[in-house]
Amino acid sequence: ILPMLGREINLTDAQKDQIKTIADSHKDEWKAIFDRERTAREALNAAIMAETVNDTLVRQKSAEVAAVEADAAVARAHAHAEVVQILTPEQRTQLKEAQSRMTGRMHGRR
């Protein structure tokens, strides 16, 4: 979310470089998670589309997708925490305000 809000919270060039470094440090981890997620979703879709419905298999494959999604969420949370540490207190406030506006817009669309 920070790259989208970079202008809004007035990131310095140094902060942008630090964020890029943080993102680069997680690149392999995120690729591995993405690959696991793709594989898990393909297996779930195969279970759903099978000629014979196997409730147990569909639930198992669905749980595997959920586990990978949880891993992805944890990875995003760690990266977010690292990025927030390089922000000034004013930028953190601006970030929270921008996130609130985005959440409000998302809820307004529903």
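Q: Contact here means that heavy atoms lie within 4.5 Å. On that basis, which residues does isoleucine 19 touch, not counting residues up to four places away in sequence?
A: In this predicted model, isoleucine 19 touches Leu11, Val83 and Ile86.

Q: Why is glutamine 15 called buried?
A: The cut-off for buried is under 20% relative accessible area. Glutamine 15 has 6%, so it counts as buried. You'll find it in helix 2, residues 13-49.

Q: What makes the link between glutamine 15 and threonine 12 a polar contact?
A: The pair has to be N or O atoms within 3.5 Å. Here the side chain of glutamine 15 gets to the backbone nitrogen of threonine 12 at 2.9 Å, and that fits the limit. Leaving aside neighbours within four places in sequence, glutamine 15 also has contacts with Asn10, Ile86, Leu87, Thr88 and Gln91.

Q: How do you know that the span of helix 3 agrees with its number of residues?
A: Take 1.5 Å times one less than the number of residues. For the 30 residues of helix 3 (55-84) that should give 44 Å, and the end C-alpha atoms are 43 Å apart, so the two agree.

Q: What caps the N-terminal end of helix 3?
A: Asparagine 54 does, with a side-chain oxygen 3.2 Å from the backbone nitrogen of threonine 56.

Q: Which residues make up the largest nonpolar core?
A: There are eight: Ile9, Leu11, Ile19, Ile22, Val83, Val84, Leu87 and Leu95. Helix 2 and helix 3 each chip in at least two of them. There's also a second, separate core of seven residues, among them Ala40, Leu44, Val65 and Val68.

Conventions
Residues numbered from 1 in each chain as written. Predicted model: local features only at pLDDT ≥ 70, side-chain atom pairs only at ≥ 80, totals over all residues. Heavy atoms only, no water. Helix = DSSP H or I, 4+ residues; strand = E, 2+ residues; numbered from the N terminus. Buried < 20%, exposed > 50% of the residue type's maximum accessible area, 1.4 Å probe, protein only. Polar contact = N/O pair within 3.5 Å; in protein donor to acceptor, adjacent residues only side chain to side chain. Core = buried A, V, L, I, M, F, W, Y, C linked by side-chain atoms within 4.5 Å.
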